[in-house]
2 protein chains.
Amino acid sequence: MIKKFRLGNPINTESVVKDIPIEEGNLEGFSFDSEKLSFKKFINPKTVIYGLGETTRGINKRGFVYKSFCSDDPNHDEDKQSLYGAQNFFIIDDGNKAAGYYFDFPGIITFDMGFTELNTVEITLSYGDADIYLVTGESKTSIVKQFRELIGQSYIPPKWAFGYGQSRWSYFTSDEVREVYAKYKEAGIPLEMIYLDIDYMERYKDFTISKEAFPDFEELVSDMAKENVHLVPIIDAGVKIEKDYDVYEEGVKNNYFCKKDNGEDLVAAVWPGQSHLPDFLNKETREWFGNRYKFLIDKGIDGFWNDMNEPAIFYTKDHLEEVFEKVNDYRGKNLDVDSFFEFTGMFYSISNNMEDYRRFYHNMDGKKINHEKVHNLYGYNMTRAAGEAFERISPDKRILMFSRSSYVGMHRYGGIWTGDNKSWWSHLLLNVQQLPALNMCGFMYVGADTGGFGSHASKDLMLRWLAVSMFTPLFRNHAAKGTRRQELYEFGDSKDFKELIKLRYALIPYLYSEYMKAVKNNDMMFKPLSFEYSDSRVNEIEDELLVGESIMIAPVTKQNATGRYVYLPEDMKLIRFRGPKNYDEEILEKGDHYVKAETNEVLVFIRPGHELPLAEAAMSVEEIDYSTIRYLSYKADGVKYDMYDDDGVSRN
Amino acid sequence: MIKKFRLGNPINTESVVKDIPIEEGNLEGFSFDSEKLSFKKFINPKTVIYGLGETTRGINKRGFVYKSFCSDDPNHDEDKQSLYGAQNFFIIDDGNKAAGYYFDFPGIITFDMGFTELNTVEITLSYGDADIYLVTGESKTSIVKQFRELIGQSYIPPKWAFGYGQSRWSYFTSDEVREVYAKYKEAGIPLEMIYLDIDYMERYKDFTISKEAFPDFEELVSDMAKENVHLVPIIDAGVKIEKDYDVYEEGVKNNYFCKKDNGEDLVAAVWPGQSHLPDFLNKETREWFGNRYKFLIDKGIDGFWNDMNEPAIFYTKDHLEEVFEKVNDYRGKNLDVDSFFEFTGMFYSISNNMEDYRRFYHNMDGKKINHEKVHNLYGYNMTRAAGEAFERISPDKRILMFSRSSYVGMHRYGGIWTGDNKSWWSHLLLNVQQLPALNMCGFMYVGADTGGFGSHASKDLMLRWLAVSMFTPLFRNHAAKGTRRQELYEFGDSKDFKELIKLRYALIPYLYSEYMKAVKNNDMMFKPLSFEYSDSRVNEIEDELLVGESIMIAPVTKQNATGRYVYLPEDMKLIRFRGPKNYDEEILEKGDHYVKAETNEVLVFIRPGHELPLAEAAMSVEEIDYSTIRYLSYKADGVKYDMYDDDGVSRN
């Protein structure tokens with residue numbers, strides 16, 4: 001059951017698709033402080049909190065303060081309160097009863113989940129207009145299902161988007177792209193996508209192609225397509241200010257960009273320097289910007305990633321000038337601890353500055369709204385612009401689309417990747433822990449930058465990360481400029497990598513089937529154990545996940561470990577994979593086990609009464625031969641796996 | 001057996017105390033590349049590497065690149081290659097044979113421990129002068145013992161320094177110090193030290209006391225002493241440039257400060273702004289600076305902590321001026337991705353700038369030596385200055401001394417704390433993992449900022465951290481300006497805290513005894529399991545430690561966990577402590593166990609054939625009554641614990 005409570009006069013975020021009558025009074029179960037705009041609730045020592053989508057920390061969100069404020073900041077350490085997305089749905093499960101809460105609020109909202117006081121949840125809004133939904137049901141799964149029905153069906157990518165993709169900031173030339181393909185081919189490792197980061201554009205201008213670097217762009221696209229390899233270019237939020245650049249000129253002329261209070265277009269710098277930010281909260285801007293993707297679709301492109309749409313702002317022209325004006329006040333003085341850190345602080349805070357986010361406005365259906373109040377809708381509406389356009393431009397064929405920034409509602413138009421992570425073992429574990437929370441909030445086509453975007457990856461980290469990402473719908477290896485090359489042929493002998501990527505392809509019939517069923521049934525593809533089991537241990541299991549109906553995974557996320565502890569909530573069959581045809585099987589009893597797993601091994605546990613379909617490996621999704629599927633199973637006499645499949649491209 | 005190899009003409013760091021003849025040829029077991037100045041060795045897949053003192057990552061140092069370059073940078077994430085200390089001793093254990101290596105080299109040295117190539121160790125020097133010691137022996141423990149004999153007996157603090165101390169940056173006034181004491185007393189929690197951070201000084205000037213903030217300093221010291229509470233002030237490396245400040249005037253007059261190439265004293269800013277850095281590598285400076293501690297000892301002070309001695313440099317006057325000169329070149333331009341990050345990079349790199357470390361020189365026995373070459377000796381020699389002075393000033397009574405920066409050799413003059421950590425669960429685990437590595441390198445009086453220095457601490461983190469720090473000789477709760485108060489009375493009900501601190505006091509007879517025996521026998525107080533057991537599992541145990549001869553600890557380092565897996569290499573008796581008199585016992589068999597541990601519980605495992613002495617709790621070390629000691633034991637018939645004790649103050 002869903003109840004809706006309203007505070008003030010909320011902005012319509014269009015994140016929900018159902019009309020629910022508004023209840024009288026305050027949100028049930030919480031006390032409300034109208035001065036602090038905060039909602040408080042006592043939680044008992046055993047209460048577990050789930051959800052909040054793309055956030056830091058564990059599956060249990062308890063014990064930290066999270067802040068929804070979409071942020072471009074790559075240093076995700078234990079202090080990090082805001083990542084790239086804002087997904088304000090969570091479940092509080094006190095052991096006897098669970099309830100889901102969705103704060104449909106596009107501004108800054110903080111969730112003190114038992115940090116300041118161990119036994120108190122306190123949620124604070126930055127202003128007093130919000131719709132709040134209370135979702136109750138028999139189980140956590142039923143709560144999620146109802147919430148997902150409320151927000152509408154999740155995005156479905158083309159089936160080829162379940163293949164393995166290689167990315168880097170950047171492949172700078174057409175030749176470099178061809179080389180990446182050739183080296184994968186030489187190594188015998190399947191490759192389905194090559195991603196183009198910002199340098200394919202002419203001076204970082206959206207919907208342009210660098211003539212020097214990619215003189216043969218269309219030929220490249222079609223050559224790759226013949227090999228079943230899709231080129232997936234990036235699209236950035238900011239539009240370069242440059243006379244005669246048509247996107248810029250059209251945007252200015254038609255008032256498509258975000259404006260300052262005085263009516264001038266805001267000058268906010270990103271990659272190309274001074275730029276304007278399209279006002280994606282304006283329907284006309286969305287339509288205009290969305291149509292622009294046709295430029296690339298016409299060249300054979302059928303997938304995109306939307307970036308920098310928190311929006312990231314390196315600096316605004318106005319604020320930078322303020323800094324320049326202040327700098328010289330510090331010159332020639334004895335700067336001590338106070339004045340020195342004040343001085344350097346000016347520079348540390350130039351990018352993504354809060355005052356800059358208050359400096360501009362949107363035009364939402366004719367209303368002028370300060371950006372800060374609707375900050376978390378920006379990336380959502382950029383991707384919505386694309387998603388809505390794709391339905392017009394490509395009515396018959398799905399287009400791959402995923403975004404960095406997000407808000408609930410965006411899940412209908414695309415997936416997300418979990419942003420600029422690092423080659424850290426802790427981020428590998430974080431990757432695992434984020435997956436069920438993303439699913440709860442409707443984000444189904446998800447995955448992390450495998451191997452880590454920032455920092456240098458080692459071979460063992462890459463192997464362990466592949467053993468996780470091979471289960472995520474989005475499976476992309478991506479790395480930043482200046483980091484060690486991490487294409488899978490770059491670590492010496494690539495045999496183990498080849499076997500793991502082949503295993504991914506052998507699992508695609510299962511993964512695609514489970515993905516599609518989860519989308520259509522408003523279910524989760526990745527579940528914490530506690531969503532299906534209820535013994536005393538499962539609430540604390542933070543590094544095992546149920547993936548679809550048949551299997552549980554338990555990845556190794558620690559360096560130098562050749563095994564790990566696994567808790568089994570019931571008897572299961574362990575498959576220790578070293579490749580699609582190389583594995584051993586062992587039946588393990590309910591309870592605790594120490595299980596060996598070398599760096600080339602993937603632990604999969606088949607649940608009793610279930611089958612895991614496994615095809616022969618193929619070099620592309622298209623080439624997967626379903627007639628080769630065999631079934632690994634455990635106690636599954638008379639059970640038949642319910643396989644979903646379709647043509648992989650038609651819109652559903 | 002120890003063999004010494006020499007490269008070039010090394011600087012004498014005085015880190016070793018024994019004369020070993022120099023072998024012919026290159027370091028045994030490594031290939032040497034004289035162009036890259038790198039030493040390479042193949043390691044097999046099962047090889048484990050131990051040591052390197054205060055570094056990041058696990059007990060097994062394999063899989064990362066470490067760099068010895070003492071650094072003041074509080075953001076210790078997974079990328080961090082250099083912390084505050086430089087302790088270039090490590091053991092490579094290939095399963096059949098272990099060998100220890102000590103690179104006595106005071107400049108930048110990198111240890112690629114199987115990161116770039118999984119099966120290769122590569123050690124690279126920044127210049128070609130070094131003494132390298134190869135230590136072989138029957139066991140890892142014997143290798144450590146020989147190395148420790150080589151470098152001389154570790155520092156012994158006064159016994160009261162095993163009490164519990166409270167610190168904060170800062171207690172700003174005498175009244176605030178008295179209030180902290182009063183609140184601990186009111187809560188019934190033992191307290192042995194209160195630390196004074198930089199604000200007790202007059203404008204951050206070493207060897208001064210703020211007359212406004214601490215008008216009754218001597219009275220405060222003696223009032224606290226009556227309650228068995230020691231005030232422990234900080235001493236910083238930098239000396240404020242201020243006319244008529246005697247320390248400054250004497251230092252300039254006698255050429256005690258580090259100089260630039262042109263002979264002028266370097267101007268390097270820290271807390272007070274522009275300062276000079278005492279040239280601690282100069283014997284005369286050491287004697288002069290060391291004698292200065294008498295100013296505080298005469299006021300009743302008997303303990304100090306030396307800080308900022310990497311040395312930390314906020315900025316140098318020369319470099320800051322260079323930055324100011326460049327700033328305006330960027331004004332009025334369209335800064336794009338390249339020029340903008342170049343611009344902000346100028347400011348990010350002002351502090352602890354490598355070029356600044358090359359900008360000044362030391363006078364070592366009349367030789368002018370560039371700082372970069374001997375950087376890692378700076379903190380060592382600051383603390384040596386103090387330690388040598390204490391022997392003169394206080395020949396009969398031990399003085400508490402610990403330092404932030406360090407190098408092997410400094411262990412003879414003081415302990416260390418592990419620097420500016422954070423209130424992160426990962427840093428709690430890191431704390432555990434650093435302890436044996438520090439002991440290997442001679443650092444015995446060690447401990448972390450309990451609860452975390454930076455970031456905000458939650459009550460559960462604080463409880464879990466106490467359960468680790470209660471075993472470390474240095475047991476200090478310390479937090480930074482701007483963070484949540486973390487005195488133990490600041491988290492609501494303090495009953496659990498009281499029980500844990502009382503447990504510490506009950507354990508002090510054991511901890512002091514084990515500390516002293518380890519120091520005198522050149523043994524480790526904290527050992528990885530693999531130092532005493534040799535089954536197939538112990539090499540990968542990263543979160544259990546042997547503490548002294550009788551016990552193993554297995555702390556919970558994960559949030560929201562009420563239990564953990566424990567591997568027992570033999571049968572042991574679990575004592576689950578909730579306080580010195582509140583515990584339960586259980587005998588557990590060799591092997592894997594899932595063991596419950598609520599946030600107020602401490603897991604201690606008694607090894608077979610051993611006794612753990614436990615006294616009645618006391619409010620101070622002096623008040624511990626050894627006649628109340630009872631012995632918890634396991635299979636210890638006929639065994640008698642070998643208790644070391646002494647008067648706790650006399651120098652040994």
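Student: Where in chain B is the place of B:Ser170?

Tutor: The model is a predicted one. In chain B, B:Ser170 sits in the loop that runs between β12 (164-166) and α2 (174-187).

Student: What makes the peptide bond from B:Trp169 to B:Ser170 cis?

Tutor: Its omega angle is the evidence: the bond from B:Trp169 to B:Ser170 has omega near 5 degrees and is cis. Chain A provides a further case, since the bond from A:Glu310 to A:Pro311 is also cis, with omega near -5 degrees.

Student: Where in chain A is A:Pro311 found?

Tutor: A:Pro311 belongs to the loop between β19 (303-307) and β20 (315-316) of chain A.

Student: How do you know whether chain A agrees with a compact globule in its radius of gyration?

Tutor: A compact globule of 652 residues would have a radius of gyration near 26 Å, and chain A has 24 Å; the two therefore agree. The C-alpha trace of chain A spans about 70 × 65 × 55 Å along its principal axes. Of the 652 residues, 68% count as buried, and the chain holds 14 helices and 38 strands.

Student: What percentage of the contacts in chain A between residues at least 6 apart in sequence join residues at least 24 apart?

Tutor: The value is 73%. As for the surface, chain A exposes about 21600 Å², of which carbon and sulfur atoms supply 45%. The mean positions of its 79 positive and 105 negative charges are 1 Å apart.

Student: Why is A:Asp244 called exposed?

Tutor: The cut-off for exposed is over 50% relative accessible area. A:Asp244 has 64% and is therefore exposed. This residue lies in the loop between β15 (239-240) and α4 (246-253) of chain A. Its phi is near 75 degrees, a positive value in a residue other than glycine.

Student: How do you know that B:Asp365 is exposed?

Tutor: The relative accessible area of B:Asp365 is 72%, so B:Asp365 passes the limit of over 50% and is exposed. B:Asp365 occupies the loop between β21 (360-364) and β22 (367-370) of chain B. Phi of B:Asp365 is positive as well, near 50 degrees, in a residue other than glycine.

Student: Why does A:Thr47 count as buried?

Tutor: Buried requires a relative accessible area under 20%. A:Thr47 has 2% and so counts as buried. A:Thr47 is part of the loop between β3 (38-42) and β4 (48-51) of chain A. With neighbours within four places in sequence left aside, A:Thr47 is in contact with A:Asn60, A:Arg62, A:Ile92, A:Asp93 and A:Asp94.

Student: What makes A:Gly591 buried?

Tutor: A:Gly591 has a relative accessible area of 15%, and because the limit is under 20%, A:Gly591 is buried. A:Gly591 is found in strand β35 (residues 591-596) of chain A. Apart from neighbours within four places in sequence, A:Gly591 is in contact with A:Val566, A:Tyr567 and A:Leu568. Its C-alpha atom is separated by 37 Å from that of A:Ile2, and these residues are 589 apart along the chain.

Student: How do you know that A:Gly648 counts as buried?

Tutor: A:Gly648 has 1% relative accessibility, which means that A:Gly648 counts as buried. A:Gly648 falls in the segment after β38 (630-634) of chain A. Not counting residues up to four places away in sequence, A:Gly648 touches A:Pro158, A:Lys159, A:Arg398 and A:Tyr512.

Student: Why does B:Asp318 count as partly exposed?

Tutor: Partly exposed covers values between the limits of buried, under 20%, and exposed, over 50%. B:Asp318 has 27% relative accessibility and therefore counts as partly exposed. B:Asp318 is placed in helix α7 (residues 317-327) of chain B. B:Asp318 touches B:Lys260 and B:Arg359, with residues up to four places away in sequence not counted.

Student: How many residues of chain B are in contact with chain A?

Tutor: In chain B, 66 residues are in contact with 66 residues of chain A. Between them the chains bury about 5600 Å², with 53% of that area on carbon and sulfur atoms. B:Phe324, B:Arg331 and B:Tyr565 supply 13% of the area that chain B buries against chain A, more than any other three residues.

Conventions: Residues numbered from 1 in each chain as written. Chains lettered and ligands numbered in written order. Predicted model: local features only at pLDDT ≥ 70, side-chain atom pairs only at ≥ 80, totals over all residues. Heavy atoms only, no water. Helix = DSSP H or I, 4+ residues; strand = E, 2+ residues; numbered from the N terminus. Rg over C-alpha atoms; globule rule 2.2 N^0.38 Å. Buried < 20%, exposed > 50% of the residue type's maximum accessible area, 1.4 Å probe, protein only. Contact = heavy atoms within 4.5 Å. Areas by Shrake-Rupley, 256 points an atom, 1.4 Å probe, with all protein chains shown as cover. Lys, Arg positive; Asp, Glu negative; His and termini not counted. Charge placed at Lys NZ, Arg CZ, Asp CG, Glu CD. Buried area = accessible area lost by both parts, 1.4 Å probe.
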